[in-house]
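Look through the structure below before reading on. The paragraphs that follow go from single residues to strands, helices, cores and the chain as a whole.

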Amino acid sequence: MSDACCGDGASGNSSGPADAGQDRAQEKLWQVRHLRLAAAAALLLGVGWTAGRFGAGTAAMVLELAAAVVGGATFVPGTVRALRRGRIGVGTLMTIALGGAIVLDAYGEAAMLAVLFSVSEGLEDYAVTRTRRGLRALLDLVPEQVAVLRDGREQTVAPEELRVGEVMVLKPGQRAATDGVIRAGRTALDLSAITGESVPVEAGPADVVHAGTINGGGVIEVEVSARAADSSLARIVHIVEEAQERKGTSQRLADRIARPLVPAIMMLAALVGVIGALLGEPQLWIERALIVLVAASPCALAISVPLTVVAAVGAAGKSGVLIKGGAALEQLGRIRAVALDKTGTLTRNAPVVVETVPAGARSAEEILKMAAALEARSEHPLARAVLAAFPDATPAEDVTAVPGNGLEGRIDGRAVRLGRPGFIDAGPLASEVTRMQEAGATVVLVEHDGRLVGALAVRDELRPEAAATVAALHRLGISTTMLTGDNTATATALARQAGIDQVHAELRPQDKASLITALGQTRPVAMVGDGINDAPALATADVGIAMGAMGTDVAIETADVALMGEDLRHLPQALGHARAARTIMLQNIGFSLAIITVLIPLAIAGVLGLATVVFIHELAEVFVIANAIRAARGVPALAPLPAPETSAPPVQVSPARQDRQPADPATPATTSAATAAPAVAAVGTDACGCGPSCADGCGTTTPISITIPGRKNRR
């Protein structure tokens, strides 16, 4: 909370993040201390008013004074402590107004001020606690006990007793207490509470299990990879709570207005009292000065943005979107352009060999065998695609990588090369290379003993939700741009399938960052990537958004927003949610300033009395709180996607043809659903043979309405 708000020390709970104990202590409205004291003060005030109506004037005054003291107990002690530290705020204004009303024998007005101010304080505390509890509820996904194998026997222990390397036993319906890797068994993992994705994910040995995941299938044994306190779930909650201290532009605006406004109000009230007293009727003008103090109090203004941020961030976290504080939330609400990385963001990052074209008498099997021999010890996605097509390869000798081009080695003493067109001359396969690239595939050529023997087409399919996501962004009025290191033809074909507005191809990481800077000169832009190779662009954008952030430290630390799951449809959901939250912030700021602007002159003119001003002002604060809580509305669940195919498409073998003409660039071939690649994850690389250190393209380029950096020697 802002120091200028009610939480300047006057309110014990509103001056910082609510801890877990406070969360548990204020689960119900009647458990909030401020509201309990306000209720007691209101009861005393009501009895006092009743006594006064029956002629018991002395009893009425005593009861009204008691109501003022009980209500003031919620903020006066804290205000005094804050003043000792040299801090003034809204609590200071309210304390002065309360004391002045008592001095002027306006006990009823003093009691009403104390009651209403305590109610607004209590509602604020409750609202903050309630919205923060939405984020902390993620930690409740960790079970109280977990089964672990020790000394050959299954034992039940608390999650905090788990040690790295131990084996958890998860039975159907049980949640994982921390992160780990499956060592035995197969199952379907329910990630809905973590990532917001409703479709269970099939998992088996070597697959990662995150804390809070529900085992929906058979019994599995999971080797612990992190202590419960260091799990991905705990790390996310910690990062968000730290990020909530960051302030967005609107929050800083509210602070800039509220902080100088408090001493200005005190000076204005003093001037009203002094000048009025000099003109006559000192008691009347002192009373009006006290009314000005209350009328101009900026408490509603100061709480309007922080409370909205807490509510919106908590709601987003429960739906699988990690927003790192108010600055990120507000910037996200301003976004009008989105740049998307291709590999791993728009595509599944699981390339497969879809076609083999021999250049001569060599068979498709021989070509695959040579390629697999060179790729046998590589971790590149291209290597996995080739090895999946020919799994029993014998590694080649003297294999070396040629950065940005491919691989060289020897098989049976003869030189063998594999790489992009340009590094290896396409020769008689030039038309085939063009055709496959225009179909959205990355082409790799294989050369044996100085002669071209064939070409492999490797394709990384679009995510099934990519087109729907881009369409949803367009409906929000957001333009889309693809940034990729892949070749022109492949990028263009995939962009057309997804419906993307603009393509920038054959980019290095620094090129992506430069393009983000250029895009951001005309409108706020967000960059969506994997958080590793795209780190420069993520940091350059107004908002960096990382895909699949569960378990990825680099993604969480680099980006401002992280989509914890792999479903790209969370992107337009997050943008729409942030827009709604930003609208609420602006509504609250405008309403708060309007109330102050209207009440001050009415208070000086004597049109409104203290009781009326107190009622209007505190009612306005309740309205602001209620409006801010609207940002806590949950994001609608995503509809289930069709289950991804579980097997790679068969490799098509095409004979070399010299008479085939390149396809018309205006009507590129499209991929069919039957050739969809399986969803296998590998981050930070493009589907080409240049290796993880070069985010460049492979293949020849054909100028189509896209942007390509003008350079010859790429790394």
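A residue counts as buried when its relative accessible area is under 20%, as exposed when it is over 50%, and as partly exposed in between. The model shown here is predicted. With these cut-offs, how does Glu-355 count, buried or exposed? Its relative accessibility is 7%, so Glu-355 counts as buried. The side chain of Glu-355 is joined to that of Arg-435 by a polar contact of 2.6 Å.

Glu-355 belongs to strand β12, and the strand can be judged in the same way. Strand β12 covers residues 352-358, and seven of these seven residues are buried, so the rest of the structure largely encloses the strand. Which strand pairs with β12? The partner is strand β17, residues 451-459; the two run antiparallel and are linked by six bridges. Within this pair, Pro-358 lies opposite Gly-454 of β17.

Gly-46 gives another case to test. Its relative accessible area is 29%. Partly exposed means a value between 20% and 50%, which is why Gly-46 counts as partly exposed. The residue sits in helix α2, which runs over residues 33-53. Along the sequence, Gly-46 and Leu-63 are 17 residues apart, while in space their C-alpha atoms are 8.8 Å apart.

Two other helices can be examined for burial. Helix α14 consists of residues 364-375, and nine of its 12 residues are buried, so the rest of the structure largely encloses it. Among the buried residues of α14 are Ile-367, Leu-368, Met-370 and Leu-374, and Glu-375 is also in the list. The length of this helix can be checked as well. The expected span is 1.5 Å times one less than the number of residues, so the 12 residues of α14 should span 16 Å. The C-alpha atoms at the ends of α14 are 16 Å apart, which agrees. Helix α12, residues 326-334, is mostly covered, with seven of its nine residues buried. The buried residues of α12 include Ala-328, Leu-329, Glu-330 and Gln-331.

Next comes a sheet. In what order do its six strands lie? The order is β2-β1-β3-β9-β4-β7; the sheet is open and its pairing is antiparallel. Strands β2 (153-157) and β7 (208-209) are at the edges, where each has a single partner strand, so each has one side without a neighbour in the sheet. Further in, strand β1 (residues 146-150) and strand β3 (residues 167-170) run antiparallel and are joined by three bridges. There, Leu-149 is placed opposite Val-167 of β3.

The nonpolar cores come after the sheet. The largest nonpolar core contains 48 residues. Phe-75, Met-94, Leu-98, Leu-113, Val-294, Leu-610 and Val-613 have the most contacts inside this core. Apart from it lies another core, made of 46 residues, including Ala-311, Ala-312, Val-321 and Leu-329. Leu-329 has already appeared, as one of the buried residues of α12.

Finally, the chain can be taken as a whole. It has 23 helices and 23 strands. Of its 715 residues, 55% count as buried. Among contacts in the chain with a separation of 6 or more, 72% are between residues 24 or more positions apart. The chain exposes about 28500 Å², and carbon and sulfur atoms supply 57% of that area.

Definitions and conventions. Residues numbered from 1 in each chain as written. Predicted model: local features only at pLDDT ≥ 70, side-chain atom pairs only at ≥ 80, totals over all residues. Heavy atoms only, no water. Core = buried A, V, L, I, M, F, W, Y, C linked by side-chain atoms within 4.5 Å. Buried < 20%, exposed > 50% of the residue type's maximum accessible area, 1.4 Å probe, protein only. Helix = DSSP H or I, 4+ residues; strand = E, 2+ residues; numbered from the N terminus. Contact = heavy atoms within 4.5 Å. Areas by Shrake-Rupley, 256 points an atom, 1.4 Å probe, with all protein chains shown as cover. Pairing = 2+ DSSP bridges. Polar contact = N/O pair within 3.5 Å; in protein donor to acceptor, adjacent residues only side chain to side chain.
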